[in-house]
Amino acid sequence: MSRIHVLERRQRIERPLAEVFPFYADAANLERITPPWLGFEVTTEGPIEMGVGALIDYRLRLHGIPVRWRTRIEEWQPPHRFVDAQLSGPYSLWHHTHTFHADGPRATILGDTVRYAIPFGPLGELARALLVDPDLKDIF
């Protein structure tokens, strides 16, 4: 069994919750908020109807290696939370919780909690320490 790791990030966005949640909940915006070095592209034909069970397919490059990825929306609680989980892709576990809290009338606290595991035992853990963790910190 792969070891489970957790990445948590919080950021304050100077926009109201009523704008922030719809922006982050629109899969078409993933390409806009993902660093360009990943070559990230949503391949599911849009518009994507977001809600529990929605499937989203992506294509990206990890250190030059092309990767296909599919996630499913597991929880959908607008405008405060949604969760996506990997069905197929580079991780043995990927469970990403997005949270949104108003910080007064003009700002939002965006939270990301990612539970993830890397396949391939000790070799995967080495790759995690050398490549995956630094990449995730740059992405989030």
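How much space lies in the second largest pocket? About 380 Å³. This figure, like every other here, is computed from a predicted model.

**Two pockets**

Start with that second largest pocket. Its lining has 19 residues, and Leu62, Pro90, Ala127, Leu131 and Val132 are the closest to its centre. The helix α3 gives the most to this lining, with eight residues. β4 also supplies at least two residues. By class, the lining divides into 16 nonpolar, two polar and one charged residue.

Now take the largest pocket. It holds about 590 Å³ of space. Its lining counts 29 residues, and those closest to the centre are Leu30, Thr34, His96, Ile139 and Phe140. Several elements give two or more residues to this lining: α2 (30-33), β3 (55-62), β4 (65-77), β5 (81-88), β6 (93-102), β7 (108-117) and α3 (121-139). The largest share comes from β3, with four residues. Sorted by class, the lining of the largest pocket has 21 nonpolar, five polar and three charged residues.

How is such space found? Rolling a probe the size of a water molecule over the atoms shows where empty space is left.

**The nonpolar core**

The largest nonpolar core has 28 residues. Which of them have the most contacts inside this core? They are Tyr91 and Tyr116. Among the elements that each supply at least two residues of the core are the strand β1 (5-13) and the helix α1 (17-24). β3, β4, β6, β7 and α3 do so too.

Look at Tyr91 in the structure. Setting aside residues up to four places away in sequence, Tyr91 touches Trp69, Gln86, Tyr116, Ala117, Ile118, Pro119, Val132 and Leu136.

**One side of a helix**

The buried residues of α1 are Leu17, Val20 and Phe21. They cover an arc of only 95° around the axis, so they sit on the same side of α1. The spacing fits a general rule. An α-helix has 3.6 residues a turn, so residues three or four places apart point the same way. What covers the buried residues of α1? The cover includes β1, β4, β5, β6 and β7.

**A loop residue with a distant partner**

Asp103 is placed in the loop between β6 and β7. Its relative accessibility is 31%, so Asp103 counts as partly exposed. Arg12 is 91 residues away along the chain, yet the C-alpha atoms of Asp103 and Arg12 are separated by 8.1 Å. Leaving out neighbours within four places in sequence, Asp103 is in contact with Arg12, Thr108 and Ile109.

**Unusual backbone spots**

Most residues other than glycine have a negative phi, and most peptide bonds are trans. Four places in this model depart from that pattern. Two involve phi, and the table lists them.

| Residue | Phi | Loop | Relative accessible area |
|---|---|---|---|
| His63 | about 50° | between β3 and β4 | 51%, exposed |
| Phe120 | near 80° | between β7 and α3 | 66%, exposed |

Neither His63 nor Phe120 is a glycine.

The others involve peptide bonds. The bond from Gly46 to Pro47 is cis, with omega near 0°. Pro47 lies in the loop between β2 (41-42) and β3. The bond from Pro78 to Pro79 is also cis, with omega near 0°. Pro79 lies in the loop between β4 and β5.

Methods:
Residues are numbered from 1 along each chain as its sequence is written. This is a predicted model: local features need pLDDT of at least 70, side-chain atom pairs count only at pLDDT 80 or more; totals for chains, interfaces and linings use all residues. Side-chain values use heavy atoms; hydrogens and water are left out. On a 1 Å grid over the protein atoms alone, a cavity is a set of points where a 1.4 Å probe fits but cannot get out, and a pocket is an open set with protein on both sides within 12 Å along at least five of seven lines; lining residues have an atom within 4 Å of a point. Grid points are joined across faces, edges and corners, and a volume is the space filled by probe spheres set on the points. Ala, Val, Leu, Ile, Met, Phe, Trp, Tyr, Cys and Pro count as nonpolar, Asp, Glu, Lys and Arg as charged, and the others, Gly among them, as polar. A nonpolar core is a set of buried Ala, Val, Leu, Ile, Met, Phe, Trp, Tyr and Cys residues joined through side-chain atoms within 4.5 Å. Buried means under 20% relative accessible area, exposed over 50%, partly exposed in between (1.4 Å probe, protein chains only). Contact means heavy atoms within 4.5 Å. The arc is that of the directions from the helix axis to the C-beta atoms.
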